[in-house]
Amino acid sequence: MGWLKGVALDGVLLAIIAHGLIGISLVWDKVLLRRRGTQNLLSYVFWLGAISVFGLVLIAFGFKMPAWRYAAMAFAAGALDLIASFFYYAALKSGEASDELAAMGGFGPVATALIAIPLLDRPIGSDLPAFVLLTAGGFLMFFAEKSPLRKMLPRILAAAFGFGLMNVLQKIVFNHTNFVSGYVFFTLGTFAGSMAMLIPPSWRRQITQHSESAQPRSKFWYMVNRFLAGVGSFLIVFAVSRANPSVVQAISGVRYVIIFIGAYLITKWKPSWFREDFRGLTLVIKVSATALVVAGLVLVGMHDGGQGAGA
């Protein structure tokens, strides 16, 4: 039983499972963001943050009031999560799903590592070759397509910086308090960010109007997908509490392995949902990038990439 518990709490394994679930969710998101009733980005992100309030149920499972400094850090990390998510989904909506995810797979870990350098003892963890392979796979996929990426790049950079700072703040908090206490304030920050979106009158009108006009089927599948993404997001936060945040972010390459396969299958079998380019050199580059990610995951599995970074 001790061995089973150790496996279940391994940060690297949790990160792989979490990013896999989010990869599935993002394929679904790409479909939904092209459907009437769920394609308004403000409404989409608002509900993403609003339903995070259910994370407060963890209060009953070991919550202890942390020092105000770390409570504020966790709250700020939660608000950053929503801001970064806005840019993330804006990029996903504007470009090809596999390209946008891959770009985050490259820029996200680098941003996290750079932000972690002055704040954490081990900004990249103990497995530099695996980190390099995972990150290189993201950048290689990023250069598979050139034309739409000019439009996506500012949003990708904003999302990468936001998620990177969020991950580092989370790690600092978890180094000074237990997981439940840090996660509760993280959830409060995300929920407060979504409520703040209702303050500008034009945003409030968009959110309420598009929420009311969405078809019941769209709302249902949106909520189902948000639950799936919520489980993945929760496991990522848990993984950050157990492992180095740069490694957890680098493992996000699992997402675009999933979405590369999903986008390919949808393009071939259900092109009415969305189509992507899988011809010639583009396909070769995407397959090569996927191979780099798999190689990086193998190295992470062979070495102890699950050690946390001390503040």
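## A tour that starts at L188

Select L188 to begin; you'll find this residue in helix α8. Keep in mind as you click around that the model is predicted. Is L188 buried, partly exposed or exposed? With a relative accessibility of 30%, L188 counts as partly exposed, because buried would need a value under 20% and exposed a value over 50%.

Now show what L188 touches. Leaving aside its neighbours within four places in sequence, L188 is in contact with L56 and F75. Add A77 to your selection too. L188 and A77 sit 111 residues apart in sequence, yet C-alpha to C-alpha they are 9.9 Å apart in space.

**Next stop: T187**

Step back to T187, which also has its place in helix α8. T187 has a relative accessibility of 3%, so this residue counts as buried. Which residues does T187 touch, not counting those up to four places away in sequence? Select S52, V53, G55 and L56 and you have them. Try drawing a distance between C-alpha atoms here: T187 and S52 are 6.0 Å apart in space, although 135 residues apart in sequence.

**Zoom out for a moment**

Colour the whole chain by secondary structure. How many helices and strands does the chain have? There are 13 helices and zero strands, so don't go hunting for arrows. Of the 311 residues in the chain, 53% count as buried. Contacts that reach a long way along the sequence show up here as well: among contacts with a separation of 6 or more, 88% are between residues 24 or more positions apart.

**Two rings from two helices**

Go back to α8 and select F179, then add F238. F179 belongs to helix α8 (residues 179–196) and F238 to helix α10 (residues 216–242). These two are 59 residues apart, and their pairing links distant parts of the chain. To describe a pair of aromatic rings, you give the distance of the centres and the angle of the planes. For F179 and F238 the centres are 4.8 Å apart and the planes are at 50°, so the pair is tilted. That angle falls between the two cut-offs, since stacked means under 30 degrees and edge-to-face means over 60.

Are these rings buried or exposed? F179 counts as buried at 15% relative accessibility, and F238 counts as buried at 19%. Both values fit the rule because buried means under 20%.

Stay on F238 and add F234. This is another tilted aromatic pair, with 6.4 Å from centre to centre and 35° between the planes. F234 and F238 are four residues apart in helix α10, so about one helical turn separates them. F234 counts as partly exposed, at 25% relative accessibility.

Now light up the whole group: F174, F179, Y183, F186, F234 and F238 form one aromatic cluster. Across the model, the count comes to 11 aromatic pairs.

**Into the largest pocket**

Keep F234 selected and turn on a surface or pocket display. The largest pocket holds about 880 Å³ of space. Which residues are closest to the centre of this pocket? Select D81, A229, G230, S233 and F234, out of 43 lining residues. Helix α10 gives the most to the lining, with nine residues. Colour the lining by class and you should see 24 nonpolar, 15 polar and four charged residues.

**A serine beside α10**

Pick S25, in helix α2 (residues 11–32). S25 is buried, with a relative accessible area of 1%. Beyond its neighbours within four places in sequence, S25 is in contact with N225, R226, L228 and A229. You have already met A229, one of the residues closest to the centre of the largest pocket.

**Last stops: α3 and α12**

Select residues 41–50, which make up helix α3. Nine of its 10 residues are buried, so α3 is largely enclosed by the rest of the structure. Among the buried ones are L41, Y44, F46 and A50.

Finish at helix α12, residues 253–269. How far apart are the end C-alpha atoms of α12? They are 24 Å apart, which agrees with the 24 Å that its 17 residues should span at 1.5 Å a residue. The expected span counts one less than the number of residues. While you're here, select the buried residues of α12, including R255, Y256, F260 and I266.

Notes: Residues are numbered from 1 along each chain as its sequence is written. This is a predicted model: local features need pLDDT of at least 70, side-chain atom pairs count only at pLDDT 80 or more; totals for chains, interfaces and linings use all residues. Side-chain values use heavy atoms; hydrogens and water are left out. Rings of Phe, Tyr and Trp (its six-membered ring) pair if their centres lie within 6.5 Å; planes under 30 degrees apart count as stacked, over 60 as edge-to-face and the rest as tilted. Buried means under 20% relative accessible area, exposed over 50%, partly exposed in between (1.4 Å probe, protein chains only). On a 1 Å grid over the protein atoms alone, a cavity is a set of points where a 1.4 Å probe fits but cannot get out, and a pocket is an open set with protein on both sides within 12 Å along at least five of seven lines; lining residues have an atom within 4 Å of a point. Grid points are joined across faces, edges and corners, and a volume is the space filled by probe spheres set on the points. Ala, Val, Leu, Ile, Met, Phe, Trp, Tyr, Cys and Pro count as nonpolar, Asp, Glu, Lys and Arg as charged, and the others, Gly among them, as polar. Contact means heavy atoms within 4.5 Å.
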